[in-house]
Amino acid sequence: MLNFDRPKTRALTRLPETITGLIKLRGLGLSSTQITDFAPLAGLTRLTVLSLNYTQITDLAPLAGLTGLTVLWLDNTQITDLAPLAGLSGLTVLSLNDTHITDFAPLAGLSGLTTLLLDGSAALDLRPLRNLRKLADSPSSNGLTFTNSAASCADPRIAEIAEIEDPATRAKTLFDYLETWVPPLPPEAPEPDPLLPVVIEAGRLEIAASLPDATEQAEPLKRALYVRLRAKADDLALAAGNRFPRLARLARVVQADLDKPFEAVDLLDVHLGIEDLAQRAARGEEDGEPFPPEVSASLADVLRIGPGLTLDHADVALYEDRKRRYRAQPEPEENRAAHAALGQAIAAGDPAIGKRLRSVEQRVEGLPDEVVSAVRTALHRNLLLTVGGVLLLGVGAIADSVTISAFVQSNWALLIDAATTYGPGFLDWFIAAVAPTPELRAAPPNIGHPRKRGHDKP
């Protein structure tokens, strides 16, 4: 067997040119190499053993003609389509642990399999395997395994069967159970919060902009206020200058929010910027130095004009209503702590987070509790729903979903804590939504219901 899974050859990025001449080669190990082009393997028709664990392979087409294969290892790869393997009837051992495959139908005719390893795989439906009787009658090694798979996570009985020690009994019990098994319905998603919807934009999680509606766009007064506010924000940034850098920065943020055609202005974003400036005005100073009359006057101009532009916008009105609600009935401290921790992770600049989403999290930090609660309880609910929706489709179903999956993996505990604040029903849905994702599948069974926290509705 020719084996490249060695310290000196794992950095290999392409197959040696001489590989195509090894037409009598029986065994080849390429696990853990960095090779991306596996087309040269198509000519190695005498291969019986091929190991591609932890490689960059995404397309199995080069293997379709390797009908002599008896052993094939594909653990921890990015493959999603098993169709090229349908004709490899000589396979006796096939390993697909920790893969993103969601459809095992191409394996239905591989009746010679005596070992099939599916631990951590993404498919929910194992019924295509029912006729692979050798896995039950004469299994070799571990036989059929499917622990920590999407199927076992979604069905407690399959999870129990996965723990049966004897390979033959495990496979037979599974096949018997699958005879009457009905696929579980996809969990019904909880209602999103109408405030601060989160969408996928350019492959990132992003807040949908609160743009002027048709009535606002047609209103001359709104357009006049927009022009005046943009000019006054510019005046304030100049007046604050280097003497009051934090005030100047906040003025420039509002200025940037307005530096676009009126139709493209995010009015809720502008409103939040005005609130930041109102907090500064209430202090009347920066680092112990009072604002001089010219700065105070410029700041007052912005605060006088801003509400006229933003306050009657539907999203702004909803946000103000939430603030009043949380002022009257503050959010429980443990809920605030959970959202604060997730908010800090979002603000840190992960590649999965869009610019507006990150900016809003940064903007509310340090503001009054009712402001923070109004923003984060809506924003995080919608973020969790969007993330869950992406992962229900399966990693790879949309562009850059791998980046979102990595964000979830890095911040799993924070996301679970935040999901718990919306009640057990919401938490159950979120955990079920991530079940098809191999990297996250180990976590849900250990989560349970860490805390039974408050509100289940926006």
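A residue is taken as buried when its relative accessible area is under 20%. In this predicted model, Trp412 passes that test, with a relative accessible area of 9%. Trp412 makes a handy way into the aromatic side of the story, where the count comes to five aromatic pairs. One of them joins Trp412 to Phe430, and it is stacked, with 6.0 Å from centre to centre and 20° between the planes. Trp412 belongs to helix 15 (residues 412-420) and Phe430 to helix 16 (residues 424-434), so this pair ties together parts that lie 18 residues apart in sequence. Phe430 is buried too, at a relative accessible area of 0%.

Another pair brings Tyr422 and Phe426 together, and this one is tilted: the centres are 5.0 Å apart and the planes make an angle of 45°. Tyr422 is buried at 1% relative accessible area, and the value for Phe426, likewise buried, is 1%. Ring pairs also bring in Trp429, linking Tyr422, Phe426 and Trp429 into a cluster. Elsewhere, a ring has a charge for company: the charged end of Arg325 sits over the ring of Tyr326, 5.0 Å from its centre.

Next comes helix 6. This helix runs over residues 220-240, 21 residues in all, and spans 30 Å from its first C-alpha to its last, close to the 30 Å expected at 1.5 Å a residue. Which residues of helix 6 are buried? The list reads Lys222, Leu225, Tyr226, Leu229, Ala233, Leu236, Ala237 and Ala240. These buried residues take up an arc of only 105° around the axis, which means that they sit on the same side of helix 6. Pro220 and Leu238, by contrast, are exposed on the other side of the helix. As for what lies over the buried residues of helix 6, the cover includes helix 5 (214-217), helix 7 (245-258), helix 8 (267-283) and helix 9 (293-310). Right after helix 6 comes Gly241, with a positive phi near 50°.

Positive phi also turns up away from glycine. Asp98 is not a glycine, yet its phi is positive at about 55°. Where does Asp98 lie? It is in the loop that runs between strand 5 (93-95) and strand 6 (115-117), and with 32% relative accessibility it counts as partly exposed. Ser141 is another non-glycine residue with a positive phi, again of about 55°. Its place is the loop between helix 1 (134-137) and strand 7 (144-145). Ser141 is exposed, with a relative accessible area of 63%.

Strand 5 itself holds a serine worth a look, Ser95. Is Ser95 buried or exposed? At 0% relative accessibility, Ser95 counts as buried, since the cut-off is under 20%. Leaving aside residues up to four places away in sequence, Ser95 touches Leu72, Trp73, Leu74, Asp75 and Leu117.

Note on methods:
Residues numbered from 1 in each chain as written. Predicted model: local features only at pLDDT ≥ 70, side-chain atom pairs only at ≥ 80, totals over all residues. Heavy atoms only, no water. Helix = DSSP H or I, 4+ residues; strand = E, 2+ residues; numbered from the N terminus. Expected span 1.5 Å × (residues − 1). Buried < 20%, exposed > 50% of the residue type's maximum accessible area, 1.4 Å probe, protein only. Arc of directions from axis to C-beta. Contact = heavy atoms within 4.5 Å. Phe/Tyr/Trp six-rings, centres within 6.5 Å; stacked < 30°, edge-to-face > 60°. Lys NZ or Arg CZ within 6 Å of the ring centre and 35° of its normal.
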